[in-house]
Amino acid sequence: MPDKFGAQINFAPYHDKQRDQYSVGLTFLYRLIENKVSNLYLYQGNHYFYNSYTSYAYDPNLPDGKKEQITKKYMNNGVGFGIEFIIAKRIGFNLMGGFAAYNNFSQLNLTGETALYYKF
């Protein structure tokens, strides 16, 4: 966070013979209070999740069973407060809490998250 505004980008890919799973996130931050050991901020986070996998079901008419490709894609969105505890010059431990809309805005719930960040 160069000044009051900052952003975080997260990406976690996974691939094997039966599954493709990708998680991509973009979070915007606004620092409210800054001091030597901690920061208080507001956040607004966006998360895209993609999961595609092969499902097998028993079918007595097929020797290898029924094979089906299942794909799930959805967006999550959250807003809330966070506190960062500064562990070292470039390392911070974050606790965040607020409200989130899950599964393409079909569910609204409270959310809580933790993260360990290295700052470039």
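The lining of the second largest pocket is mostly a mix of two classes, with 13 polar and 10 nonpolar residues, plus 1 charged residue. The pocket belongs to a predicted model, and its space comes to about 340 Å³. In total, 24 residues line this pocket, and T27, G45, N46, H47 and E113 are the ones closest to its centre. As for where the lining comes from, β1, β2, β3 (38-57), β4 (66-88), β5 (91-102) and β6 each give two or more residues to it.

Those strands also make up the sheet. Its 6 strands run in the order β1-β2-β3-β4-β5-β6, the sheet is open, and the pairing is antiparallel. At the edges sit β1 (5-15) and β6 (107-118), each with a pairing on one side only. Going from one strand to the next, the twist averages 20°. Zooming in on one pair, β1 and β2 (residues 19-34) are joined in the antiparallel sense over 11 bridges. Within this pairing, Y14 stands opposite Q21 of β2.

On the electrostatics side, the tally is short: the count comes to 1 salt bridge. R31 and E34 are the partners, and their closest N and O atoms lie 3.6 Å apart, which is within the 4 Å cut-off and therefore qualifies. The two ends sit in contrasting surroundings. E34 is exposed, because its relative accessible area of 56% is over the 50% limit. R31, at 10% relative accessibility, counts as buried, because that value falls under 20%.

How values were computed
Residues are numbered from 1 along each chain as its sequence is written. This is a predicted model: local features need pLDDT of at least 70, side-chain atom pairs count only at pLDDT 80 or more; totals for chains, interfaces and linings use all residues. Side-chain values use heavy atoms; hydrogens and water are left out. Two strands pair if DSSP finds at least two bridges between them. Helices (H or I, at least four residues) and strands (E, at least two) are DSSP runs, numbered from the N terminus. Axes are lines fitted to C-alpha atoms, for helices over the stretch in contact, and angles run from 0 to 180 degrees between N-to-C directions. A salt bridge is a side-chain nitrogen of Lys or Arg within 4 Å of a carboxyl oxygen of Asp or Glu. Buried means under 20% relative accessible area, exposed over 50%, partly exposed in between (1.4 Å probe, protein chains only). On a 1 Å grid over the protein atoms alone, a cavity is a set of points where a 1.4 Å probe fits but cannot get out, and a pocket is an open set with protein on both sides within 12 Å along at least five of seven lines; lining residues have an atom within 4 Å of a point. Grid points are joined across faces, edges and corners, and a volume is the space filled by probe spheres set on the points. Ala, Val, Leu, Ile, Met, Phe, Trp, Tyr, Cys and Pro count as nonpolar, Asp, Glu, Lys and Arg as charged, and the others, Gly among them, as polar.
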